[in-house]
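This report goes through a single protein chain, from the overall fold to the core, the surface and the charged pairs. Please keep the structure in view while reading.

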Amino acid sequence: MLMSAKHEDYMNEAVRLSIENIDKGGGPFGAVIVKDGKIIATGVNSVTTNHDPTAHAEINAIRNATMVLNTFDLSGCDIYTSCEPCPMCLGAIYWSHLDHVYYANTKDDAKQIDFDDAFIYDEILRPMDKRHKPFIQIMRNEALAAFEKWQKKEDKLPY
């Protein structure tokens, strides 16, 4: 697929952020979110600097974009990320309704430097009772009260 100069500019920024972030104590990952031909938000991996295992570059970029646009729905936006998204980031990309995902490094490239997500993909496919971490369901009937209330709510904002 031929890429336009704009696509390369956006990816160059994501890659630049990933390289720069290493010197700031973060992981080697960067992301930018683009809307209407402009970068509206960026993010870098700040897992170790923020002591937050969810602070991946894509997640941080999504959080920043939602603040800029004042919405949880990023339809009409694209994300450029220096590496193929992990399962958590992939979920966030779908939940935020980003239109396109452009990535540079692959998950196999990440595996070569000890960022291996294969075990998470494997866990998702396992039955609950076969996962490496115990998944124990309790108090379902009590928790269903929130779902029932949500279902009846007339002025809810679906997402």
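What percentage of the 159 residues in the protein do buried residues make up? Buried residues account for 30% of them. The model is a predicted one.

**Overall fold**

The secondary structure consists of 7 helices and 4 strands. Followed along the sequence, these elements are arranged as α-β-β-α-α-β-α-β-α-α-α. The C-alpha trace spans about 55 × 40 × 35 Å along the principal axes.

**Nonpolar core**

In soluble globular proteins, nonpolar side chains tend to be buried together. The largest nonpolar core here has 19 residues, and the members that touch the most others are Ile33, Ile62, Leu74, Ile79 and Leu98. Two or more core residues come from each of strand S1 (30–35), helix H3 (57–69), strand S3 (77–83) and helix H4 (87–96). Helix H3 gives the most, with 5 residues.

**Surface patches**

Two patches are described here, one nonpolar and one charged. Phe72, Trp95, Trp150, Leu157 and Tyr159 make a nonpolar surface patch of about 660 Å². Within this group, Phe72 sits in the loop between H3 and S3. Its relative accessibility is 38%, so Phe72 counts as partly exposed.

The negative patch is formed by Asp108, Asp109, Asp114, Asp116 and Asp122. Asp114 is located in the loop that runs between helix H5 (107–112) and helix H6 (118–125). Asp114 counts as exposed because its relative accessibility is 72%, and the cut-off for that class is over 50%.

**Salt bridges**

Side chains of opposite charge can pair when their charged atoms come close. A search of the whole structure finds 6 salt bridges. The table gives three of them, with the distance between N and O atoms.

| Pair | N to O distance |
|---|---|
| Asp52 and Arg63 | 3.9 Å |
| Arg126 and Glu123 | 2.7 Å |
| Lys153 and Asp155 | 2.9 Å |

Which parts of the chain does the pair of Asp52 and Arg63 tie together? Asp52 belongs to the loop between helix H2 (47–50) and H3, while Arg63 is in helix H3, so the salt bridge ties together parts that are 11 residues apart in sequence. Asp52 is partly exposed at 22% relative accessibility, and Arg63 is also partly exposed, with a relative accessible area of 39%.

In the pair of Arg126 and Glu123, is Glu123 buried or exposed? Glu123 is buried, because its relative accessible area is 14% and the buried class lies under 20%. Its partner Arg126 is partly exposed, with a relative accessible area of 32%.

For the third pair, Lys153 is partly exposed, with a relative accessible area of 38%. Asp155 has a relative accessibility of 62% and therefore counts as exposed. Elsewhere, salt bridges that share partners join Glu13, Arg16, Glu20 and Lys24 into one network. Of this network, Arg16 is found in helix H1 (residues 5–23). Arg16 is partly exposed, with a relative accessible area of 37%.

**Backbone at two loop residues**

Which residue, other than glycine, has a positive phi near 50 degrees? The residue is Asp36, and Asp36 is in the loop between S1 and strand S2 (38–44). With a relative accessible area of 70%, Asp36 is exposed. Asp36 and Arg16 are 20 residues apart along the chain, and their C-alpha atoms are separated by 21 Å.

His51 is not a glycine either, and its phi is positive at about 55 degrees. His51 lies in the loop between H2 and H3, the loop that holds Asp52 as well. At 71% relative accessibility, His51 counts as exposed, whereas Asp52 counts as partly exposed.

**Summary**

To recap, the largest nonpolar core has 19 residues, with H3 giving the most to it. Helix H3 also carries Arg63, which meets Asp52 in a salt bridge. On the surface, Phe72 is one of the residues of the nonpolar patch, and Asp114 is one of those in the negative patch.

Notes. Residues numbered from 1 in each chain as written. Predicted model: local features only at pLDDT ≥ 70, side-chain atom pairs only at ≥ 80, totals over all residues. Heavy atoms only, no water. Patch = residues over 30% accessible without salt bridge, like charges linked within 9 Å, V, L, I, M, F, W, Y side chains within 5 Å. Areas by Shrake-Rupley, 256 points an atom, 1.4 Å probe, with all protein chains shown as cover. Salt bridge = Lys/Arg side-chain N within 4 Å of Asp/Glu carboxyl O. Lys, Arg positive; Asp, Glu negative; His and termini not counted. Charge placed at Lys NZ, Arg CZ, Asp CG, Glu CD. Buried < 20%, exposed > 50% of the residue type's maximum accessible area, 1.4 Å probe, protein only. Core = buried A, V, L, I, M, F, W, Y, C linked by side-chain atoms within 4.5 Å.
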